[in-house]
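Biologist: I should like to understand how charged side chains pair in this protein and how its helices pack. May we go through the structure together, one question at a time?

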Amino acid sequence: MAEACRNTMWKKLLSRFKIKSSPPAPGGSVTEVFRKKYINFKSILESNSELLKIISDFEVKLSENRVFPMAYIHTQTARMIFHTARMIKSFERLSGRAYAPFTTALNQIRARIAEQLEQNVPATAEYVLPLNNINKEMVAAVGGKNANLGEVASLGIPIPRGFAITTTAFQAVIRENDLLDEIRKQKMALNVDDTDSIHQVSDTIQKLFLGATVPKPVEQAILDAYERFVDAKKQIHVALRSSAIGEDSHLSFAGQYISILNVPPDNIIKEYLKVLAGLFTPRAIFYRLHMGIPFGEADMSVGCLEMINAKTSGILYTSNPNDRLDTSILINASWGLGTYVVEGIITPDIYKISREPGHRLLSSDIADKHKQLQIQPDGYVIEKPVDTHLHHQPCLSPQQAAMLAEYAIVIEKHYQSPQDIEWAIDKDNRVILLQARPLRVQRHEADDRTNRQLPGYSPILENGNTACPGVGYGPAYPVFSEQDLKDFPEGGILVAAHSSPLYVMAMQKTSAIVIESGSVTGHMASLAREFQVPTLLNLKSATTVLKKGEWFTVDATTGCIYPGEVPELTNMPFQKASSIVYSPVYKALKTISGFVIPLNLLDPNSPAFTPENCRTVHDIMRFIHERSYTEMFNISNFTVDYGNISVKLNAALPIDLYVIDLGKGLRDRSGAKTEKRITIEDVTSVPFKAILSGMLHEGLAQIEPRPVSFKGFLSVMSEQMLSPPRNGIDRFGEKSFAIISDNYLNFSSRVGYHYSVLDAYCSTVLNMNYINFSFMGGAADYDRRKRRARLIQQVVQALEFLVEIHGDRVTARFSKQPDEIMFNKLNQLGRLLIYTRQMDMLMHTDQSIAQLAEGFLNENYKIKLP
C-alpha cells in the first residue's frame, strides 16, 4: 500500500513539477530528466538497502553459534550479485555513461564465489591406499581419521598394519546402486526439528546401503589390499573404522559413526557396507546438521586395520580440556579393548603424567573395574568379567604411561595443538596408537571459585568429575531409552546411568548432563564440550536422587548439584564458545564474506576513490552510493537555476542537509536574496517539519558532552583503526538529502558514523499515511553497534512501530494513522536520530540498553550511566 501511494504521489507531483523561465533540457524537459534520474536513483537506494541487509545478515551468521544450511549461502549470494548488478546498471543510467571497472570487479567477485561454492577437488583415482602412503593432507581421499593415522606413522610411532578404503570407493558404491537421487529425496523430506523425521530418514537411507552391492572392481581392490597390507595368509582379523570427511578434525564426530571390531576376512565386504550406512545414523545426521555440514555432503572412507588383541586400552589427552593452567598429560585406561572407555560404559583408571622429560607419574586414581571387552577367536567381540585380583590393580605401569606420554608429546609438537589420542597395549606389551585428533580445549575465563561448595547452600550431590564446566538449571529427566531421547524436554537436565554418544540427540535441548558412570576422555564428554553443555560424570546415585520433574542447579565447574535454583550460579555470565566456526558451511561464508564485506574505499576525497579500486561488493556499493547523490542532485548541466532544485538548510544540526522540493514543500522564495539556502521557517512539508522539530528539540540541544567510558573510547578507536567504517561513512557530517513535497519526505541522513533512511507520507487521508525507517552503522565494534540497534528497537517498539532487527540494522514501519499521530511519530524519530548519535562509547554493557531507552522515553536526554 505504501509503495502504491508513493508511486501515485510521484506521478502527480512530477506532472505538476515545472521550473519557470527554463528552456527544455536536451532530451526533454527538466521534469522528465529529473523523473528518469529519480527512477534510477531510487533503484540504487533500494538495492543498496537490500545489500546492507545481506551484509548485516552475514555478520550475524558469522557472530552467532547457530546452524545455517549451504542453501542460505547460495540464495544470499545470488541476491547479492543481482542487487550489485542492479546498482551498477542504475548508476550508469543515472550518470549517462558506462563504468566498465564495476562490471569487471563484479565478474571477478562472482567467479571467486562460484569457485568457493563449487569446490570439488578430486580426491584420488584409487579405491584403496596403504597407511604408509597416507599423510595429513589427504583428508579428501581418506577422511580425517585415516589421514591422521598415516601422519602418525610417518613420525616413527607404531600403528596397526592396514589400508584405507577411499572416498572414491564410496562414490563408486553410490553410483553403482543409484543412491544419490534417493538420498536427495530423503533430504527434502527431512524436518531437522522433528526427531521422528530424523529417525525415519535415517532408517530409509541405511536400508538402502545395507541392500547395496559393492562394485566388483572396488571389492577386488579391498580384498587384494587386505592380503598385501594386512595378512597374505588371511588369518588376521581386522577393525573396520569409519573415517568420514571432517571426522577427527576440529569437529570430533566423537562416536557418531560406526566402527566394527575383529571382523573375519570373509566378512569384510559385508561389514564395509554397514560402516557406510553408519554415515546416516540418526545421531550422525543430527550432529552434521547442528555443525553446519550439508546433508548428504559428507563422503565416507573406511580404515581396514589389523585388529589389536588389547590387554589394556584407553584415551590420552595432552592437555586438560577444562583447565588451561593444568599442563599435565591425562590418561584414562581400562582392561581389554578401549570401547568401554570411549563410550563411557565403565569408570576408567585416571593417571596424570608430567610433560617433563622422564614423564613421571604425578597422580593416579585406580577405579574398580569389573568388566571388559575382549575379542573372540572366531570374530567380533564379547564382554567378559575382569579377574577378581585385577579389579583394583592399575592397568598401566609407570614405564608404559611414560612411553605413551613420550609419543603424545611428539604428536602434539608435530600438529602444534593439543591432541586426543586413542591407544592400546597388546598381549606382548607393545604400545600401539590407534587414533589421533585435535583436542578441543575450553577457552572460557578461569573460574575464581575455589570452594567445592557454595556458601549458604547444601549440595544434594557432590564430587562429580567435570566433563564440561558451566552451570545448568532445569527439571531432571532420566534417560533410559532412545524414546526418552525423542521425548526429551527443552531445558531439561539429562540424567543417565552411563554416558553415550547417542545423547547428542538431546544436547541442543538440555541445560546440563549428569551421568553415574563415564570418562572425561570419552566420546560423550567430547560432544558435551563441543555443544558447550555443562556435564558431570561419576555421580553414582544420580538416577535415584534426581527425581524426574524436580528442578536442580548443576554446577559442573565445582562438581556439585543443588536442589532448586541457586541465583548466584544461574545469574553468572557464561558465553558459549562457537562450534559452528569449524563447519564447512561457516568456512564457506567466512571466505565469501571476504569478497563482500571489507571496505577499501574510505575517503571520497582521496585520489584512490575510483571505480578501478573497487575490490569488494562493499566497495562498489560505497562508490555508487556516494556518487549517486552527486549525479542525482547535480543539475548544473541543466539550463536551470541550481537553487530552484537543490538548496541547503541552515539549521543547528550536526549534518549538511540539502533539500529537493518537488512541489509545495517550501514556501515561495521568489523574492529571497539567496536562492541556495533556506531556514526552518521556509519549510512547509508536513513530514519534513515533523522530523526537523524533533531533531531541533530544545532538550537535545542542551545535552552535555557524552560521558565517555574508557573501554568505550578504546572500542571506538580500535574499530576505526582496525576496521573500515560502516556503510561507507568515513567522517562526521557528510551530506544528507531530503526530497520533499507538501506531504512527502524521503530523508537520507548521515549523523555521526551511522546512516538512516526515512520514507514517509503524512496527510489528512489516513489510509495513505506511512513511515518506513531504517538505521544501521556506527563507529564502535560490532557488539556495541548491536546494542545501539537494540536500543533503537526498544524505543520504536515502545512508539508502536513494527520492528525487525538484524545485527546492527533496524527497520521499522508505522502506517494508517491520523496526521497528528504521524507528525508525533516523526518528531520522535527526529529526536531519536540526534539522541543516538555518537552513542557507541556508552554502549559498553547490555544493561545500558534499558537505561538509555528509558531515558529517551521519559524525555530525560541528559544521559548519565554508572
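Biologist: Are glutamate 422 and arginine 241 buried or exposed?

Modeller: Please note that this is a predicted model. A residue counts as buried when its relative accessible area is under 20%. Glutamate 422 and arginine 241 are both classed as buried.

Biologist: Which strands hold glutamate 422 and arginine 241, and how many residues apart in sequence are the parts that the pair ties together?

Modeller: The side chains of glutamate 422 and arginine 241 form a salt bridge, with an N to O distance of 3.2 Å. Glutamate 422 belongs to strand S12 (residues 419-426), while arginine 241 belongs to strand S3 (residues 238-244), so the salt bridge ties together parts whose separation in sequence is 181 residues.

Biologist: Why can such side chains pair at all?

Modeller: Side chains of opposite charge can pair when their charged atoms come close. A salt bridge is counted here when a side-chain nitrogen of Lys or Arg is within 4 Å of a carboxyl oxygen of Asp or Glu. By this rule, the number of salt bridges is 21.

Biologist: Which helices are tied together by lysine 486 and aspartate 196?

Modeller: A salt bridge joins the side chains of lysine 486 and aspartate 196 at 3.7 Å, N to O. These residues are 290 residues apart in sequence, with lysine 486 in residues 482-486 and aspartate 196 in residues 195-210, so the helices tied together are H14 and H8.

Biologist: What is the relative accessibility of aspartate 196?

Modeller: Its partner, lysine 486, is partly exposed at 24%. Aspartate 196 also counts as partly exposed, and its relative accessibility is 46%.

Biologist: Which residues form a network of salt bridges with Glu50?

Modeller: The side chains of glutamate 50 and lysine 53 meet in a salt bridge of 3.2 Å, N to O. In helix H2 (residues 30-63) they are 3 residues apart, which means a separation of about one helical turn. Lysine 53 is partly exposed, at a relative accessible area of 34%. The network links Glu50 with Lys53 and Arg79.

Biologist: At what angle do helix H6 and helix H10 pack?

Modeller: The axes of helix H6 (residues 167-176) and helix H10 (residues 268-277) are 12 Å apart, and the packing angle is about 90°. Therefore H6 is roughly perpendicular to H10.

Biologist: By class, which residues make the contact of H6 with H10?

Modeller: H6 contributes Ala169, Phe170 and Val173, and H10 contributes Tyr272, Leu273 and Leu276. No polar and no charged residues take part, and the contact has 6 residues of the class nonpolar.

How values were computed:
Residues are numbered from 1 along each chain as its sequence is written. This is a predicted model: local features need pLDDT of at least 70, side-chain atom pairs count only at pLDDT 80 or more; totals for chains, interfaces and linings use all residues. Side-chain values use heavy atoms; hydrogens and water are left out. Axes are lines fitted to C-alpha atoms, for helices over the stretch in contact, and angles run from 0 to 180 degrees between N-to-C directions. Helices (H or I, at least four residues) and strands (E, at least two) are DSSP runs, numbered from the N terminus. Angles under 35 degrees count as roughly parallel, over 145 as roughly antiparallel, 65 to 115 as roughly perpendicular and the rest as oblique. Contact means heavy atoms within 4.5 Å. Ala, Val, Leu, Ile, Met, Phe, Trp, Tyr, Cys and Pro count as nonpolar, Asp, Glu, Lys and Arg as charged, and the others, Gly among them, as polar. Buried means under 20% relative accessible area, exposed over 50%, partly exposed in between (1.4 Å probe, protein chains only).
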